[in-house]
Amino acid sequence: MQPRVNFAPMRRVIPLIAMFLVASASVALAQRPAAWDSRGWVQLGERTVNGRVDHDRVEVGRYEGRFSKVTMVVENSDLELLDFKIVFADRTEYHPMVNHVFREGQRTRVIDLPPSEAVIRFIDIKYRNLPGGGEARVQVWGWRTGGAEPPPAPAPPPVVAPVAWDARGWTLLGERTVDGQFDHDRIEVGRYEGKFTRLTLVVENSDLELIDLSIQFARGPAWHPALQHFFREGQRSRAIDFPGDERTIRYIDFKYRNLPGGGRAKIAVYGRKEAPAWDARGWTLLGEQRVDSSREDTDKIAVSRFEPRFRKLTVVVLDSDLEMIDLSIKFAHGEPFHPEVNAFFRETSRTKVIDLPGDQRSIKWIEFKYRNLPGGGRARVQVWAK
């Protein structure tokens, strides 16, 4: 006699799996940029940008008919367009003014071609991927002569004012305006008394590519923190911890450049002096987490069952500012405890001492809902108990 198989557990699990797959697909679709309406357009070709500066050609002569308009669509990553050249069959050339920085999912304006009886032979494109991004993909589309009027380029998204970061506790060491494509500036710092332990950069007015940062201390060789990066307007760098014991800065040298299509960026340098460390004597470190997003993030710290029972708890915030949305403490028995700690925490600050309810309690886990503040770095959160 064959043993009977109980399918009841599977009947309960399968709907849950289906719901998960549908939810995952919905999230993926929601995160994709909206596709542009390509009806009436002919795709002339596409290329992938493979390096810092790349040059590609799209051959067009094989398409029948003539084109009166072209547009370019950027996908997969951000892109800087350096040059765009259209060569017709009669050897005439046209260079539309479209050198610009394009965000992923963006397209150029509709480019009207000059009156000509000649067809397009090829289009030469010179461009580059932006530091910190992936390999952009570029598509070129044409609108046939005599076709209906193509739809206009979508309106740019509304400009959102960047959130100003809270500079309390930081000392402004100096600021400079980037004057050209490539610029080199120095900020003298030696006039400030005392030693600094960390430094941060704030970029305003326009986007910026930081090529090199060199910090010269009172003694020893210059230090080059690994900070070559592309900064958006209103963004700041992570808090940079200085190496060793030498903390007196003489000057800071920059190599940077404005990005084409933008304005003149301004960079401000702030230093922070050693903050008094809190006295952790008598406290037990239960764990720490790094906050990975400026959107709401959820993390959990599991506490070993071999840890002793605790009466009090505190949370320490390091490396950057943080918004604490919720804190949930799950004991070995009973419902989770949600102390009222939703607030904004400054870097190196800590919560009040939280008295745990009831007698000495055995903690199973601690769950956070929090987020980094816009314009800041990635905060680190430690949980201590006694």
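A salt bridge is a side-chain nitrogen of Lys or Arg within 4 Å of a carboxyl oxygen of Asp or Glu. In this predicted model, Lys85 and Asp124 form such a pair, with their closest N and O atoms 3.8 Å apart. Lys85 belongs to strand β4 and Asp124 to strand β8 (residues 120–129), so the contact ties together parts that are 39 residues apart in sequence. Buried means under 20% relative accessible area; Lys85 is therefore buried at 19%, and Asp124 is buried at 5%. A search of the whole structure finds 15 salt bridges.

The protein as a whole has one helix and 25 strands. Of its 386 residues, 41% are buried. Among contacts with a separation of 6 or more, 79% are between residues 24 or more positions apart. The exposed surface comes to about 21800 Å², and carbon and sulfur atoms supply 52% of it.

Strand β4 (79–88) is followed by a loop that leads to β5 (93–94), and Ala89 is found in this loop. Ala89 has 39% relative accessibility and so counts as partly exposed. The C-alpha atom of Ala89 is separated by 8.6 Å from that of Phe122, a residue 33 positions away along the chain.

Gln139 lies in strand β9 (residues 137–144). With a relative accessibility of 9%, Gln139 counts as buried. The side chain of Gln139 makes a polar contact of 3.0 Å with the side chain of Glu46, and another of 3.2 Å with the side chain of Trp141. Leaving aside residues up to four places away in sequence, Gln139 touches Gln43, Gly45, Glu46, Thr71, Met72, Val73 and Glu75.

Further along the chain, four strands form an open sheet in the order β11-β16-β13-β14, with antiparallel pairing. Its edge strands are β11 (183–188) and β14 (229–231), each of which pairs on one side only. Neighbouring strands of the sheet are turned by 35 degrees against each other on average, direction ignored. Strand β13 (residues 208–217) is joined to β14 by three bridges, and within this pairing Glu209 has Phe230 of β14 as its bridge partner.

Salt bridges also connect strands of this sheet. Arg186 and Asp253 meet through their side chains at 2.7 Å, N to O. Arg186 is in strand β11 and Asp253 in strand β16 (residues 249–258), so this pair ties together parts 67 residues apart in sequence. Arg186 is partly exposed, with a relative accessible area of 36%, whereas Asp253 counts as buried at 12%. A second salt bridge, of 2.9 Å, joins the side chains of Glu209 and Arg257. Here the link runs from strand β13 to strand β16, across 48 residues of the chain. Glu209 and Arg257 are buried. Glu209 and Arg257 also belong to a network of salt bridges that includes Glu80 and Arg128.

The last element to consider is strand β25 (residues 380–385). Five of its six residues are buried, so β25 is largely enclosed by the rest of the structure. Strand β18 (residues 284–290) pairs with β25 in the antiparallel sense over six bridges, with Leu285 standing opposite Trp384. Strand β20 (residues 312–318) likewise pairs with β25 in the antiparallel sense over six bridges; in that pairing, Leu313 stands opposite Ala385.

Note on methods. Residues are numbered from 1 along each chain as its sequence is written. This is a predicted model: local features need pLDDT of at least 70, side-chain atom pairs count only at pLDDT 80 or more; totals for chains, interfaces and linings use all residues. Side-chain values use heavy atoms; hydrogens and water are left out. Two strands pair if DSSP finds at least two bridges between them. Helices (H or I, at least four residues) and strands (E, at least two) are DSSP runs, numbered from the N terminus. Axes are lines fitted to C-alpha atoms, for helices over the stretch in contact, and angles run from 0 to 180 degrees between N-to-C directions. Buried means under 20% relative accessible area, exposed over 50%, partly exposed in between (1.4 Å probe, protein chains only). Contact means heavy atoms within 4.5 Å. Accessible areas come from the Shrake-Rupley method with a 1.4 Å probe; for residues, only the protein chains shown count as cover. A polar contact is a pair of N or O atoms within 3.5 Å; within protein, one must be able to donate a hydrogen and the other to accept it, and residues adjacent in sequence count only if both atoms are side-chain atoms.
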